[in-house]
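Reader: I should like to learn how aromatic pairs, a nonpolar core and a pocket are read from a model. Could we take them in turn?

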Amino acid sequence: MRRVRSTASAGISGFFAPHIASDLRETGAVGGGLGVAKAIVVEVSVDLSHSDGLVVVNRINGSYIDGCLARYIAERIFAIAGRKGGRVYIDQRISVPIGGGYGSSGGSAVAIAFALAKALDIPIDFDDVAEIAHEADIVCKSGLGTVVGVLKPCDGIVLVSKPGGPRIAEVRCIPMEPNLTALTAFYRPIPKNSILSSSDHLEKVRAIGLETLKRIEASPTPENFIRSCYQFALETGFLTPKIRQVIELLQEIDGVIGASMNMVGEALFAIVYDYAVDKALEIIEKTSPVWVYRWRPGVNSVQVEELWRQL
């Protein structure tokens, strides 16, 4: 019996352009967003005393869920370890809203994969474990490019400029001034698998997303980033009336450099100067959000530690 804890980042997506290939290692997305460090903590316990098949017990924030991500990753890692059976208990604590465009699934895939790899001592390197998490996010239709984005340490805005898995994707960081703060407000989830399953909509989003990336790369600043994200939300039709209304209120405040919609969820994120935080939060609270958070954006990859081992 072994118990391992891992901590991973989540990541708000501001825009994306899907890239679907025949090989999962080449499939992914370009895009960009704001990391939320240490948003996901996973404890994995593995009991290898049972050999009658693989049993995966997955709990998220106290609720038992038969999740695709946990099952896919456990099957892949047990196969690499040469194990035909065992029991895996996964306890996840996710501090950002699920289904709101906060990249919780990608971060969860990273945390589970690295914890299980440690628990079973499988002889593969960092990129191989990351590849399993990347594949799981795609196969389960919960994301495309989140995994590579939350694995690249960054103190600022994460920009995935080349799509693909960990060995192919290119990720860069747009720095933010120390007197800038991020705010987010969540209202309700939007099912992502309905969007990723529509080939016509994906192609439209892809074209707009690639143009968005070009605009941001031409001037990689927080101001241009968030302005371009808002244009992406408008042109793709993702922007909901509720989020548009709140963003327009925020844009009237001196010190708010911009705001846009999470991709994809009825939620928004904003970048503001420190002196404008209180006024922006006052406006947001009046719109009855379910969850509000302020933080300094960043990604700190993944940390893994063994908690307990029975020899």
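The dialogue below treats aromatic pairs, then the core, then the pocket.

Author: Please note that this is a predicted model.

Reader: How is a pair of aromatic rings described?

Author: The distance of the centres and the angle of the planes describe such a pair. In this structure there are 10 aromatic pairs. Tyr102 and Trp291 form one that is edge-to-face, at 5.5 Å centre to centre and 90° between the planes. This pair links distant parts of the chain, 189 residues apart: Tyr102 is in the loop between strand 5 and helix 2, and Trp291 is in strand 11.

Reader: Why does Trp291 count as partly exposed?

Author: Its relative accessibility is 22%, and partly exposed begins where buried, under 20%, ends. Tyr102, by contrast, is buried at 1%. Both residues belong to a cluster that ring pairs build with Phe186, Tyr293 and Trp295.

Reader: Why is the pair of Phe114 and Phe126 tilted?

Author: The planes of these rings stand at 45°, with the centres 4.8 Å apart, and tilted covers angles that are neither under 30 nor over 60 degrees. Phe114 is in helix 2 and Phe126 in helix 3, so the pair ties together parts 12 residues apart in sequence.

Reader: Which residues have the most contacts inside the largest nonpolar core?

Author: They are Ile73, Val110, Leu116, Phe225 and Leu250, in a core of 99 residues. Helix 2 gives the most to this core, with 11 residues. Leu116 touches several residues, including Val44, Ile73 and Phe78.

Reader: Which helix gives the most to the lining of the largest pocket?

Author: Helix 2 does, with 4 residues. The pocket holds about 550 Å³ of space, and Leu69, Ile98, Ser104, Ser105 and Ser142 are the lining residues closest to its centre.

Terms used: Residues are numbered from 1 along each chain as its sequence is written. This is a predicted model: local features need pLDDT of at least 70, side-chain atom pairs count only at pLDDT 80 or more; totals for chains, interfaces and linings use all residues. Side-chain values use heavy atoms; hydrogens and water are left out. On a 1 Å grid over the protein atoms alone, a cavity is a set of points where a 1.4 Å probe fits but cannot get out, and a pocket is an open set with protein on both sides within 12 Å along at least five of seven lines; lining residues have an atom within 4 Å of a point. Grid points are joined across faces, edges and corners, and a volume is the space filled by probe spheres set on the points. Helices (H or I, at least four residues) and strands (E, at least two) are DSSP runs, numbered from the N terminus. A nonpolar core is a set of buried Ala, Val, Leu, Ile, Met, Phe, Trp, Tyr and Cys residues joined through side-chain atoms within 4.5 Å. Buried means under 20% relative accessible area, exposed over 50%, partly exposed in between (1.4 Å probe, protein chains only). Contact means heavy atoms within 4.5 Å. Rings of Phe, Tyr and Trp (its six-membered ring) pair if their centres lie within 6.5 Å; planes under 30 degrees apart count as stacked, over 60 as edge-to-face and the rest as tilted. Lists of a residue's contacts leave out its neighbours within four places in sequence.
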